[in-house]
Amino acid sequence: MSARPSAVTYDADTGVLLLDTPRTSYSAYVGRADDIPVHTYWGPPITAEDAAYLATTTAARLASEWECFRSAANRHEEYPLDGGLQFGRAALSVEFPGSVRSIEWRLARHEITAGPGHQELALWFEARHQELTVALYYRVHDDSDVIDRWVVVRNDSTTDAVDVHRLDSAAWVTPEQPRHRMTHLTGRWAAETQVRRTDLADGHLVLESRRGITGHHANPWFAIDDGTATEESGRVYSATLHWSGSWRMLAQRELDEPAQVLFGWGHEGFGPRRLEPGEMLKTPISSGLFTAGGFGAMSHAWHEYALRHVLPNSGELRPVLFNSWEATGFDVDEVGQRALARQAADLGCELFVLDDGWFGRRSGDRAGLGDWWVNTDRFPGGLKPLIDEVHALGMGFGLWIEPEMVNPDSDLYRAHPEWTYHYAGREPHTMRHQLVLNLARTDVAEWVFGELDALLSANDIQFVKWDMNRPFTDAGWPEQPDRQGRLWLDHVTGVYGVIDALRRKHPGVAFEACSGGGGRVDFGIMARTDQFWPSDNTDALDRRYIQHGFSHLYPVRTMSCWVTDLPTFINKRRVPLTYRFHVAMAGVLGIGGDLNAWTAEETQEARRLIAQYKEIRHIVQHGRLHRLGEPGRSASAVQYVTADRKESVVLVYQEAQQYDGNPAPIRLRGLAPGGRYRVDGGPVLSDAVLSGALLLGHGITPQLTGDYASTLIRLELLD
């Protein structure tokens, strides 16, 4: 399907809105009787006449249905309200003075604006009986089929506050179809981003985080198809939320009706969030996408959108890093880190990251968090001598921090115990011997910025690993009880504000988002960091599943992957070094082992593979990803193809061999059918020249023997 210009139109006479992206259309209309926006279409391109026809026929259909016991629009609502003749779960629920929890509104105006490469539509509604304004926003991009939506609510009263119980960014409606299969990412610590598929039954399905962070147990993304979509074919509707705190996704449907998915910040019962007189509140963005080419096309579109419109500095090539944690744990000092730096540079690493243990009285996990001053017993001259040596070795220098946390055994906590989340008169619950700082407080956020700004100003640092190792508990703010409902939202915006300010003042510093592994992986934090730490689990087999799920939404360019030592601390598994490297080379390569314990043979092999990764990383980090099979089912692979289709890399994995069988041919994707490719992939495939048609139609047969076998195949277009 050829691309076309994106456009936003709204007909004030008919109330019909139409959003056109390069390959899709999205339409709705505002009902004349009650001004309830009704969704009518989301799919391949249609015309303005089509959208007007759909509005007329949908309105007639809804008017003819027997209304008793049913909502007026019955899951067709573009943004369902709390109150009136609506009985489903609401995207907006506000409590007004007098305990009124019902909203009726009228459309006041609409506004279409344009910016570089995008257009926006705003529909402004005014409450009929209260002083409240609500604006529904839509944005389309010239180079993407992703549609951004968000909501702004304003308390127009000059005297009365209102309580916001629910304020979703969007309600996404998928069409009536015999089956609604939802794909989502689930998991837990050390097992993040596992792909799960389930049919939506009549009723509700809720996915959420109640932990104050995005969460290991679910990720704010879903995809819905009719049960027939595959990696290469089928219609898929998907959406995500640009938010790094607690969130809720609620899918609701009734018999023979469309599926409606409410998506927004704050878990069930988080608030209320009080809206003071004259105050305005803007939700995070929820982005939606329709694709007709299966889950592969869906992922391609999400990756391209993320790289073009979310991730900063997305065109950079991320360096090969070494991290000191597994080598030294908390037992760090200048002499030992210098020795590791020399070994890392000899391997070919380009970035040296000093992990935990460099600050305060940090000899273990019981003390020191919050005291962001350099431990001069371990680093007598501060960090500068180590940094200078790292730079002299040709590497950048990075540092681990956990600025949202504090140990009770710290100078900070002794000075400011009130800066943590707690309830008056109760002993706070610690996890990992630490408490969470209340970054919803502006004084705490300003203090965190000041400490980190001073650290970055005093040292020549190129990389920061920002960690967050526990969820919220005792989420109280006794000094400001009227702000209790704000902390779930304002903590996250406080974190955003600190990172944004640091990036503005220190533009040469890259940031990695980490939260006990993949507990903070989302588009909200992606917009202000450079890569993710997807999981604390570095076992190569487990990482295959984690990385497989991660790739459904997030681009490879953001996925940090390490080679670590054996046995892994998670499951004590032992797999070959080459297999571990090939798994980690599927993303942004890093080394996390104790180089002091590596043999000469391991060092030599690592040096070779790091050099090989540098040759192909422009393809891996910036090429289009194709998932060729799933982990654990005979041989499977991931393939990367450059935009011009001139270069491709295929990483093939075999977890276990059965009997005397060889892997079946693996059909490649994304190549030029009429081209001829030089294939380099071991003795059998070395310098073979094969047509794109053969590689796409028949595939390549990898030569893999035994368990945890892997190979790297490189293809180059000759003509």
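Visitor: Two strands pair if DSSP finds at least two bridges between them. In this predicted model, how many residues join E8 to E9 in the hairpin?
Guide: Strand E9 covers residues 147-155 and runs antiparallel to E8, with 9 bridges. One bridge pairs Leu132 with Asn155 in E9. The hairpin between E8 and E9 passes through 5 residues.

Visitor: Which residue of E8 is the bridge partner of Leu123?
Guide: Strand E7, residues 118-127, is antiparallel to E8, and 9 bridges join them. E7 and E8 form a hairpin with 4 residues between them. The partner of Leu123 in E8 is Leu136.

Visitor: How many of the residues in E8 are buried?
Guide: Strand E8 spans residues 132-141. One side has buried residues including Leu132, Val134 and Tyr138. The other side is covered too, with Thr133, Arg139 and His141 among its buried residues. The count of buried residues is 10 of 10.

Visitor: How many disulfides does a search of the whole structure find?
Guide: A disulfide needs two cysteine sulfur atoms within 2.5 Å. The closest cysteine sulfur to that of Cys514 is in Cys561, 13 Å away, so the pair is too far for a bond. Cys514 is buried at 2% relative accessibility, and Cys561 is buried at 1%. The number of disulfides found is 0.

Visitor: Is Glu254 buried or partly exposed?
Guide: Glu254 sits in the loop between strand E17 (247-253) and strand E18 (259-265). Leaving aside neighbours within four places in sequence, Glu254 contacts Asn74, Arg75 and Asp202. Its relative accessibility is 29%, so Glu254 counts as partly exposed.

Methods
Residues are numbered from 1 along each chain as its sequence is written. This is a predicted model: local features need pLDDT of at least 70, side-chain atom pairs count only at pLDDT 80 or more; totals for chains, interfaces and linings use all residues. Side-chain values use heavy atoms; hydrogens and water are left out. Buried means under 20% relative accessible area, exposed over 50%, partly exposed in between (1.4 Å probe, protein chains only). Helices (H or I, at least four residues) and strands (E, at least two) are DSSP runs, numbered from the N terminus. Contact means heavy atoms within 4.5 Å.
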